[in-house]
Amino acid sequence: MSSCSVENQNPNNPSSPLNWSNLWLKNKKALDHVVNSTIRRRSFYRKPPPPPQRPSYTPPPPPRRPPPPPPPRQPDNASPSPPIQQNFNETLEKETLVSDFPQIGSHDYASLLSDELLLRILLKVPEKSNSLVSKNWLNLNGRLTKSIRVLDWDFVTSGRMFSRFPNLIDVDLLLGSVISSKHTKKWNLSLGCEFGAFCIDSDVSLLNNLELVPVSEVDLGLQSLCSKYPNLQRLVVANCSEIGLLYVAEGCPTMQELVLHRCSDQVLRGIAAFKNLQILKLVGTVDGFYSSLVSDIGLTILAQGCKRLVKLELRGCEGSYDGIRAIGQCCQMLEELTFCDHRMDDGWLSALSFCENLKSLRLVSCKRIDESPGLDEHLGCCRMLERLHLEKCQLRDKQSLRAFFLVCRSVREMVVKDCWGLKDGMFFNASLCRRLKFLSLEGCSRLTTGGLELVVLSLKELENLRVISCKNIKEDEVTPALSTLFCNLKNLKWSPDNQSLLSTSLPGSGIGKRGGKFFKKLQI
């Protein structure tokens, strides 16, 4: 057959389909593509030549090489060597090929990644030691940081904070506003984030007035801060003025949470400029640190300016019925209200009924509640209240505690923790809260088993009970009626006496006997 003829299988025949040289020469673009691809591939396996070194002496001229022999004569019927292939061979012999890609160090593979891609990777990695890799990673971690607590005020005034952390939305300037002195270093004073928890020797008295950064410097720092962080959402600051608050309100329109330490009525004049503020904490006086006055004037200004408040905390603030009533009437979205070490005048308790949408009420470290609450018919009730929290309060006045439970009689959850003076007769007033479903008692050392039983049996809707560290509540004094109630509860946590639990776990362990054997050996 013609397809198996010798003529068709001869590679030297120009008309043969197996003559690849003629096929490549006819398509020059394909040949150029193959040459360039080969050059690039070989460049990856060739190292760049070392830099030339200058010799210390002039070398003698190299001897002349004999001319190369002439290439063998090809037969007439052979196809001539294409000129492109000759140029390619000469290039490989004479020139050193260098890769088009940049030279990469043995461990710096991350330099090929863009900053945007590295930011997406660092978002998925824990932030423990990423900033120690390189300066670029340090800057990228600064761009990812959203919250910071400043410990030195110079970090703000020098501008280092703005270049190091350009995208902050939460800034705490409290500890940075405290000027360290020899007294704080000598006493080893360590302040908490809100001057709440501190560590100091018991036999050393605190300073009467804590030394803070001057008001003018704080205002200048706030002005610079707001110009760099227009998207700031939370700010903690101490010892600022009305002008400083206006800087924050104008420069940060999205501010949602504000904590003001050493606040006063004069400072609160600038609070009305915050249109979107939802969480506010005012700290007027902190015993042993500083003293400032927040009265009904400041509370009224606050109520008329911040009508979208959802959470409000008043610590060390003064006031009376008028200030609390203004807050209840103007801040109709208020859901959480906290009084910490309040200095309110008598009669303020009846103003809580104006907070119609209040859902959570907390009293923390209050020396008293209300010594003259008034008549029961004038107290009112917080009908939407769901949670009541009493912590570290002095509950020594039976009349004020009864009025307090009467105002909060619609509550569903009650927590009493580490409160002083809570006896059986005073705790009996908690039975006014008929709708209670959750009751937690912790650290109530003067409450007995009988007082607990009287209240618990009157709560028909009770579902959850927690009794912890109440040493006068004994397990052997539990009556059958109380045991039946415990069986019907959905959740019960019962550990009133830690000593009894410890004593029951010791028998059989041999802990109390091994020490005696050891000391018997030491006797002479």
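## Salt bridges and a helix pair

Lys 281 counts as buried because its relative accessibility is 8%; buried means under 20% relative accessible area, exposed over 50%, partly exposed in between (1.4 Å probe, protein chains only). This is a predicted model, where local features need pLDDT of at least 70, side-chain atom pairs count only at pLDDT 80 or more, and totals for chains, interfaces and linings use all residues. Residues are numbered from 1 along each chain as its sequence is written, and side-chain values use heavy atoms, without hydrogens and water.

The whole structure holds 13 salt bridges. A salt bridge is a side-chain nitrogen of Lys or Arg within 4 Å of a carboxyl oxygen of Asp or Glu. Three are listed here.

| Acidic partner | Basic partner | N to O distance |
|---|---|---|
| Asp 172 | Arg 149 | 3.6 Å |
| Glu 313 | Lys 281 | 3.6 Å |
| Asp 341 | Arg 343 | 3.0 Å |

Glu 313 sits in strand β8 (residues 311-315) and Lys 281 in strand β7 (residues 279-283), so their bridge ties together parts 32 residues apart in sequence. Strands are DSSP runs (E, at least two residues) and helices are too (H or I, at least four), numbered from the N terminus.

Asp 172 is buried at 7% relative accessibility. Arg 149 is partly exposed at 45%.

Asp 341 is buried at 12%, whereas Arg 343 is partly exposed at 24%. Shared partners join Asp 287, Asp 341, Arg 343 and Lys 367 into one salt-bridge network.
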